Amino acid sequence: MAYYRSTILVSMDPICIEKGALQIKEQIIEELKLQKILDEVQILDSPRIGDPETEGPDILVYPEGSHYIALTPESVHPLVVEHFIKGRELAQYSAKMRDLMDEEVREPKDKEVRVILENIGKIDPRNIEDYIATDGYSALAKVLTEMTPEDVIQMVLDSKLRGRGGAGFPTGLKWKFARQAQATPKFMVCNADEGDPGAFMNRKVLEGDPHSVIEGMVIGAYAVGSSQGYVYCRAEYPIAVSTLNVAIKQAKEYGLLGENIMGSGFSFDLEVRMGAGAFVCGEETALIASIEGSRGEPRVRPPFPASKGLWGKPTNINNVETYANIPKIIYRGLEWYTSMGSEKSKGTKTFALAGNVAHTGLIEVPFGMTLREIIYDIGGGIKDGKAFKAVQTGGPMGGCLPTCDLDLPVDYETLGAAGSIMGSGGMIVMDEDTCMVDIARFFMEFTQEESCGKCVPCRVGTRRILEILERICAGGGIPEDIPMLRSLCEEIKQDSLCGLGQGAPNPVVSTLNHFLDEYEAHIYEKRCPAKVCRNLISYHISEEKCTGCTICARNCPVSAITGERKLTHVINQDICIRCGICHQVCNFDAVEVN
Amino acid sequence: MTSTTQPIDPLYNPKLRPIIDKIIEDNIDLDGGLMVVLNNLQSKIGFLSAPMQEYVAECLSIPVSKVHGVVSFYSFFTTVPRGKHVIKFCIGTACYVGGITQMVDKAKQMLGIEPGQTTSDGMITLEVCRCVGACSQAPVVVVDEVNNGRMKPAKFTKVIEKVLNDEAAA
Ligand SMILES: Cc1cc2nc3c(=O)[nH]c(=O)nc-3n(C[C@H](O)[C@H](O)[C@H](O)COP(=O)(O)O)c2cc1C
Ligand code: SF4
Ligand code: SF4
Ligand code: SF4
Ligand code: FES
């Protein structure tokens, strides 16, 4: 009997056949013949594998169990080469990888414009040829053959590209300063620390299209005159680090990185460095200290990194997405780029939609789109038919915006004026069940823990604020707390050294401004309107509704619920820690909150 | 036989010492190499004991106080060994809004320990962290480096039970 190392099952469902399954099968046989492995692979017909409507024509490959879907004549060659010769799954057609991908980056909605996310899920990030096939590295070729460093800087200036790391500083200007700095060597740094909880745009770009960032960095290096670069990536992103390392290695093999790039005489090397779980290291001076191998504490600016950065040398720092914009601008031109966006913010921005919104995941829109369009038209509105309460942009240094701000266009100036910030692109939608005092407390806990402790207002002030908020949530709030919170916020904002301290009060100030009634309910009535704060609520089981199914008792983490099967259950209030699990698991709405 | 209560420090463990030496040797001339060395040691050895820190300081010719300072600054570095399995709760914003606190309560009850602690048999460590970057699947619990998204208390109970059962079966 012949020995086969693999078996391919081809779906022969009538719909698959109609969609070309027979031709695909013939082609696979041809391709295997061509690769001289036809005798190693057994090919069988299968009545049906996946859903023929959405996934046909599809095949299943054993022993790996890889399910490849929606195959086209063009897919056969790469599939055979990748799977059978190189021995790795071809992401583009793999059902498993698509499922994973779909959850984070869905098919674009009508109002979206995909520039940065364009290639994600479509190309194999571990195969440089895929990137090159989408005109990748063409911008670099153009730069190295047709443009002077000054031309490049002028073009980036004219594009009005602004840094995507949060502050929105004009990238062309930053490059100009770094170019003008006298000292050498100069360094290029990519900020891939992405510490804002709720944001994962940068991770997705590094994992799905790493060469776009590398290409942007090489072009930047040419413009400012640098020959060594670093990508500082947070330790929580091991897959991004490994993908990036593969991409760097391949770019070097192709002469697109390293010595004498594309034979132009220009050389630039790139290395990945990892963080170790400190949010403040996203701040540029702290990031530099961390690469140098020290504690990641921010320092006073000026001097700015452009004149004194890594090891005291001129250093240009940009965010992942900022770099990823560069090749697109250069290759497709200014007219195209500046046609997208608002007056002062050009191009597109990626956002990570999360929280109580129907469709979570990454999206990309031109600047200037309203929050309402993003949350409702793209995000599908609020989950489970609940009511919208607030949207939080900009991470822990951002603010919470209420319903009346939903029609604001999203750009740096507008969000800033409304008391929030653009930040790096986290957008967390909160529904009516969210307690805004608790959210303020949550963010303050974050900043208090992440404060590096170097300056007093930030270190001590955030602790004071946290204590007050904790007391309010626990039912011990007093009327004086509100003016006290306001003045503490003002002090921290004024006197802190870095953006962490300066922005820390934003969540508190914005909730005080827009949701003062919730603070007052906690303080004066000892009531949490959203029924979240544990000291201010209690859970009871309704005798009428309880069927005695015992689910709640089995799930209670502190065994506070007793009752016989088929009889009404009872919560022992002395033991109950008010976690709400019983409320959530009861299928009969029998657990009520007061 | 040596005492089982006082495990030998990795620095004096003949199996681990070559790994430690290799990591240091590979990065000794690297600019900013301290972070790289510590990151590698943390991931290969699992923690950074006091003797290991002193050894790193000596090899890289930097003051021990600087090494201590760096180790204590970053939350990824630990100075005591973790349990065999690590269950990490993401308490980033998306996961907080998504109800991660209930999972923490559940784990505390099932294992009788608080986040930051390890079960007395050294099997499971509970930890919290801020955003693992899988926010579209919030709330997320990371079990031994694998993300478990869209957690619910009942589903999470099964996750912990699986860890305990696999261990009992092994
Ligand atoms: C506390 C703090 C955290 C930050 N975190 C990040 C981050 O995770 N990623 C990022 O690109 N920029 C972050 N920044 C902004 C950087 O300091 C810097 O402005 C940015 O990397 C510049 O790049 P850009 O001009 O391309 O935006 C942070 C700033 C502060 C104050
Ligand atoms: S503001 Fe806070 S985080 Fe920034 S340097 Fe001061 S103490 Fe450190
Ligand atoms: S889950 Fe609901 S119905 Fe079942 S015993 Fe508990 S309260 Fe009663
Ligand atoms: S709220 Fe939590 S602790 Fe209280 S009875 Fe319900 S499940 Fe148990
Ligand atoms: S907040 Fe939990 S994964 Fe981002």
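**Figure 1. Met262(A) is partly exposed, with a relative accessible area of 37%.** The model shown here and in every following view is predicted. Met262(A) sits in the loop that links helix H12 (238–253) to strand S7 (269–274) of chain A. Its backbone has a positive phi of about 50°, although the residue is not a glycine. Most residues other than glycine have a negative phi.

**Figure 2. Ala70(A) also has a positive phi, of about 45°.** Ala70(A) is not a glycine either. The residue belongs to the loop between strand S4 (66–68) and helix H4 (73–86) of chain A. Ala70(A) is partly exposed, and its relative accessible area is 24%.

**Figure 3. Two cis peptide bonds precede prolines in chain A: the one from Gly56(A) to Pro57(A) and the one from Thr184(A) to Pro185(A).** For the bond from Gly56(A) to Pro57(A), omega is near -15°. Pro57(A) is in the loop between helix H3 (52–55) and strand S3 (59–62) of chain A. For the bond from Thr184(A) to Pro185(A), omega is near -10°. Pro185(A) lies in the loop that runs between helix H9 (171–180) and strand S5 (187–192) of chain A. Most peptide bonds are trans.

**Figure 4. Ser6(A) is a buried residue of chain A, with a relative accessible area of 3%.** Ser6(A) is placed in strand S1 (residues 6–11) of chain A. Beyond its neighbours within four places in sequence, Ser6(A) contacts Glu40(A), Val41(A) and Gln42(A), along with Tyr62(A), Pro63(A) and Phe84(A). The relative accessible area of 3% is under the 20% limit, so Ser6(A) counts as buried.

**Figure 5. Cysteines without a disulfide.** Across all chains, a search of the whole structure finds zero disulfides. Cys233(A) is in no disulfide, and the nearest cysteine sulfur, that of Cys190(A), is 8.6 Å away. A disulfide needs two cysteine sulfur atoms within 2.5 Å, so the 8.6 Å between Cys233(A) and Cys190(A) rules this pair out. Cys233(A) is buried, at a relative accessible area of 0%. Cys498(A) is buried too, with 12% relative accessibility.

**Figure 6. Ser290(A) joins its side chain to that of Tyr74(B) by a polar contact of 2.9 Å.** Ser290(A) is part of helix H13 (residues 284–291) of chain A. The residue is buried, with a relative accessible area of 1%. Setting aside its neighbours within four places in sequence, Ser290(A) is in contact with residues of chain A and chain B. Those in chain A are Tyr232(A) and Cys281(A). Those in chain B are Met35(B) and Tyr74(B).

**Figure 7. Met436(A) is buried, at 0% relative accessibility.** Met436(A) is found in helix H18 (residues 436–450) of chain A. Its C-alpha atom is 9.0 Å from that of Lys389(A), a residue 47 positions away along the chain. Apart from neighbours within four places in sequence, the contacts of Met436(A) are Lys389(A), Ala390(A), Cys400(A), Met430(A), Thr511(A), Phe515(A) and Glu518(A).

**Figure 8. Helix H3 (residues 50–60) of chain B presents its buried residues to other helices.** These buried residues are Met52(B), Gln53(B), Tyr55(B), Val56(B), Ala57(B) and Leu60(B). They pack against three elements of chain B: helix H1 (17–27), helix H2 (33–45) and helix H4 (64–73). Ser61(B) follows just after H3(B) and takes a positive phi of about 55°.

**Figure 9. Chain B has seven helices and four strands.** Read from the N terminus, its elements run α-α-α-α-β-α-α-β-β-β-α. The C-alpha atoms fill a box of roughly 50 × 40 × 25 Å along the principal axes. Chain B has 170 residues, and 51% of them are buried. Among contacts in chain B with a separation of 6 or more, 60% come from residues 24 or more positions apart. The accessible surface of chain B is about 8,200 Å², and carbon and sulfur atoms account for 55% of it. Chain B carries 16 positive and 17 negative side chains. The centres of these two sets lie 10 Å apart.

Notes. Residues are numbered from 1 along each chain as its sequence is written. Chains are lettered from A and ligands numbered from 1 in the order in which they are written. This is a predicted model: local features need pLDDT of at least 70, side-chain atom pairs count only at pLDDT 80 or more; totals for chains, interfaces and linings use all residues. Side-chain values use heavy atoms; hydrogens and water are left out. Buried means under 20% relative accessible area, exposed over 50%, partly exposed in between (1.4 Å probe, protein chains only). Helices (H or I, at least four residues) and strands (E, at least two) are DSSP runs, numbered from the N terminus. A polar contact is a pair of N or O atoms within 3.5 Å; within protein, one must be able to donate a hydrogen and the other to accept it, and residues adjacent in sequence count only if both atoms are side-chain atoms. Contact means heavy atoms within 4.5 Å. Accessible areas come from the Shrake-Rupley method with a 1.4 Å probe; for residues, only the protein chains shown count as cover. Lys and Arg count as positive and Asp and Glu as negative; His and the chain ends are not counted. The place of a charge is taken as NZ of Lys, CZ of Arg, CG of Asp or CD of Glu.
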